[in-house]
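Work through the following exercises with the sequence and the model side by side, and try each task before reading its solution.

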Amino acid sequence: NGQPSARDRHLATQSLASLWYLAKDLPTAAEWNKRVLDLDPNNKEAYYTLGVLAWLNFLPADRAARSELGMTPQQQSPLAADAKGKTLASDLKAKYWQSLTEGIDDETKALAIDPQYENAMSYQNLLIRYRADLDDTQEAYNADIREADAWMGKALAAMKAKTAKNVAASEAGPPTPSQH
């Protein structure tokens, strides 16, 4: 019939999503990853990538705001620590809060598909941690950082379990014909 198969359309769409991501065209990469999800709503990588894109989009603005306020990356407090910071945080919150929240939701969807998806856990940590910079109080910030730390712990545990499983499989050697 001359039409590409559903599988071919899916592979082509995934390829374009990946190419736009590699080209660092974040809006177009997001659009193509959403198209991947239109074709395959259970594509954990597309959800994961949408979360990564939300973080990548916010990262330069967050770093610039912290720099403008004289904050070091290690400084554990929200941007709104003083009047200048409150203004910066308010502006950033208006622009990025929704996309960061959607990124967290996207990582949650990836984890619903694969509860051991350590990359999604790692970015769940980053999205929550960076969104915490926009919190209004130190208490809210501390709560978000605790949640982010918990996700990082889960990611490390998942990586450790995966590594142990791979080591055990390699030590066992190839299956014998009777193990099939």
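**Exercise 1. Classify the accessibility of Asn142 and relate Asn142 to Gln76.**

Solution. Asn142 has a relative accessibility of 31% and therefore counts as partly exposed, given that buried means under 20% relative accessible area, exposed over 50%, and partly exposed in between, with a 1.4 Å probe and protein chains only. Next, place the residue: Asn142 lies in helix α6, where helices are DSSP runs of H or I with at least four residues, strands are E runs of at least two, and both are numbered from the N terminus. Finally, compare sequence with space: Asn142 and Gln76 are 66 residues apart in sequence, yet their C-alpha atoms are 8.3 Å apart.

The model is a predicted one, in which local features need pLDDT of at least 70 and side-chain atom pairs count only at pLDDT 80 or more, while totals for chains, interfaces and linings use all residues. Residues are numbered from 1 along each chain as its sequence is written, and side-chain values use heavy atoms, with hydrogens and water left out.

**Exercise 2. Describe the largest nonpolar core and the elements that build it.**

Solution. Begin with the term: a nonpolar core is a set of buried Ala, Val, Leu, Ile, Met, Phe, Trp, Tyr and Cys residues joined through side-chain atoms within 4.5 Å. The largest such core holds 42 residues, of which Tyr48, Trp55, Phe58, Leu79 and Leu92 touch the most other members. Two or more residues each come from α2 (26-39), α3 (44-68), α4 (83-113), α5 (118-132) and α6 (138-172), and α3 gives the most, with 12 residues. As for Tyr48, its contacts (heavy atoms within 4.5 Å) are Glu107, Ala110, Tyr117, Asn119, Ala120 and Tyr123, not counting residues up to four places away in sequence.

**Exercise 3. Determine which partners Asp133 and Glu118 have in salt bridges, and where those partners lie.**

Solution. A salt bridge is a side-chain nitrogen of Lys or Arg within 4 Å of a carboxyl oxygen of Asp or Glu, and a search of the whole structure finds eight of them. Asp133 meets Arg66 in one of these, at 2.9 Å from N to O. Asp133 lies in the loop between α5 and α6 and Arg66 in helix α3, so the pair ties together parts that are 67 residues apart in sequence. Both Asp133 and Arg66 are buried. Glu118, in turn, forms a salt bridge with Lys162, the closest N and O atoms being 3.1 Å apart; this pair links helix α5, which holds Glu118, to helix α6, which holds Lys162, across 44 residues. Glu118 counts as buried because its relative accessibility is 11%, whereas Lys162 is partly exposed, with a relative accessible area of 44%.

**Exercise 4. Examine the surroundings of Asp62 and state which side chain of opposite charge is nearest.**

Solution. Asp62 lies in helix α3. Asp62 is buried yet has no salt bridge, and the nearest side chain of opposite charge is that of Arg66, 4.0 Å away; in this count Lys and Arg are positive, Asp and Glu negative, and His and the chain ends are left out. Leaving aside residues up to four places away in sequence, Asp62 touches Leu79, Tyr130 and Asp133.
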